[in-house]
Amino acid sequence: MTAAHQKARALKPGSPRPAKALCSECGLCDTYYIHYVKEACAFLNQQFDTLEQQTHGRARDLDNWDECYFGVHQQMMAARKTEPIAGAQWTGIVSSIAIAMLESGRVEGVVCVQNSESDRFTPKPVIARTREEILAARVNKPTLSPNLSVLEQVEQSGLKRLLVIGVGCQIQALRAVQDKLGLEKLYVLGTPCVDNVTRAGLQKFLETTSRSPETVIYYEFMQDFRVHFKHSDGSIETVPFFGLKTNQLKDVFAPSCMSCFDYVNGLADLVVGYMGAPFGWQWLVVRNELGQEMLDLVRDQLQTQPVTSAGDRHAAVQQSIPAYDKGVTLPMWAAKLVGLVIERIGPKGLEYARFSIDSHFTRNYLYVRRNYPQKLAAHVPAFAKKIVDQYQLPAQ
Ligand code: FAD
Ligand code: SF4
């Protein structure tokens, strides 16, 4: 039986998108589900309350700071695989869960993103049906990725039980159309996401920041306040955040990511990141029963420990606001010094996650206020406004 829904013609690659410059290329408009774009697009219709209610049975509790920051959840923990997957972004918890979901028969396919044959950073969304296809999607493609572009294939191939792996903007649109996909069961495994870029933007970032852009295999903004680049010869290069050439990088991040407030992927069933965990560990946020079911499947492959929190982020965030806003760059020696001091006395564990959320939400709030003033009130969700209101922002 096909799902009852309206169809419209998908847009051609490269043609203007309904969200215009704010489009994150989530992939929805590459399918006939573009019919629902006005309601479904994360950048045209902010609707966290409705979608949290639909997904978790309630919206996040704004009187509870942990929910304000990390979304609806049943539990959080730090975890790592006892036997990490080689070549995964961290220890490979995401890929392991996807494999377990498939091999236990809970799902028939997994939406995930491999890379194109010619370029390790060009995303290629697929519906994986085997362990090998899931493993071929391991490691971040640090670029906007049209994961939802495969949704038409879901319906056409008659899949009834599906796992989707994705970042916040993709999952917001997915949640808005999930009833139209003809599925009996949908699981959503999310990762946090911030500061994403187009493929061209990625090139600029690598060229302005790394000593050897062409050999970078992957990178991550780490809890030690440095960007870590891993090169193809196995060497690790680190660059302090505070030494990033913010004046040149100001326009590198995609406008969608400069106006996003879903860093922690509030609509996924389970979120796997790193920023609320000690260095080397991953950070898990179980939002609902489906998330718990996915975690239970791989529990015996994991070492876990409780999440912790130390330090006070507020002063560091307040000081970072003008630097982000004006694109100030510190000389490298000063950047290393600031990085060292902050690492010694600065926010750790969940407080580091709050530091990163606060810095990005304040920056993004200013970006939307400046560039899309008419969207500000409706686009910024109440939880983000509450977070931003802790800080003094520059006048207009
Ligand atoms: P792996 O087992 O290596 O699997 C990675 C999975 O991610 C794959 O299944 C793949 O399909 C999917 N994927 C890869 N690229 C994309 C993409 N562009 N869009 C959608 N899905 C993708 N975590 C934090 O805690 N803080 C952050 O600031 C943060 N920023 C991130 C920014 C980006 C652009 C991305 C993609 C992820 C980010 N994460 C962040 C998540 C983190 O880097 C890891 O992806 C996560 O911890 C999973 O690691 P793993 O080893 O379990 O994943
Ligand atoms: Fe379409 Fe997604 Fe772009 Fe919105 S973000 S315009 S839904 S492709």
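**Notebook: ligands and cavities**

Started with ligand 1, where I found one of its oxygen atoms 2.8 Å from a polar backbone atom of Y274. Note to self: this is a predicted model, so every distance here is computed from it.

Next I asked how much of ligand 1 the protein covers. On its own ligand 1 exposes 930 Å², and the protein buries 97% of that.

Then I looked at which elements give two or more residues to the shell around ligand 1. I got α4 (93–103), β2 (109–115) and β9 (270–273). The largest share comes from α4, with three residues.

I went back for other polar contacts to ligand 1. E220 puts a polar side-chain atom 2.9 Å from an oxygen atom of the ligand. For T91 I noted a backbone N or O atom, and that one lies 3.5 Å from an oxygen atom of ligand 1.

How many residues surround ligand 1? I have 33 down, and the closest are W90, S95, V139, N140 and K141. Sorted by class, that shell holds 17 nonpolar, 13 polar and three charged residues.

**Ligand 2**

Moved on to ligand 2. Around it I listed R17, P18, A19, C23, S24, C26, G27, L28, C29, V37, C41 and F43. Nine of the shell residues are nonpolar, two are polar and one is charged.

Where does ligand 2 sit? I found it in the largest cavity, so I looked at that cavity next.

**Cavities**

I counted three cavities of 30 Å³ or more in the structure. The largest cavity, the one with ligand 2 in it, encloses about 140 Å³ of space. Its lining runs to 17 residues, and C23, E25, C26, C29 and C41 lie nearest the centre. Of that lining I put twelve residues down as nonpolar, two as polar and three as charged. Cross-checking my lists, I see C23, C26, C29 and C41 also among the residues around ligand 2.

The second largest cavity comes to about 70 Å³. I wrote down its lining in full: A42, F43, Q46, F48, C169, Q172, S259, C260, F261, D262, H379 and P381. By class that makes seven nonpolar, four polar and one charged. F43 is in this lining and also in the shell around ligand 2, so I marked F43 on both pages.

Methods:
Residues numbered from 1 in each chain as written. Chains lettered and ligands numbered in written order. Predicted model: local features only at pLDDT ≥ 70, side-chain atom pairs only at ≥ 80, totals over all residues. Heavy atoms only, no water. Near = heavy atom within 4 Å. 1 Å grid on protein atoms, 1.4 Å probe; cavity = no way out; pocket = protein on both sides within 12 Å on 5 of 7 lines; lining within 4 Å. Sits in = over half its atoms within 2 Å of the grid points. Nonpolar A, V, L, I, M, F, W, Y, C, P; charged D, E, K, R; others polar. Polar contact = N/O pair within 3.5 Å; in protein donor to acceptor, adjacent residues only side chain to side chain. Areas by Shrake-Rupley, 256 points an atom, 1.4 Å probe, with all protein chains shown as cover. Helix = DSSP H or I, 4+ residues; strand = E, 2+ residues; numbered from the N terminus. Points joined across faces, edges and corners; volume = space filled by probe spheres on them.
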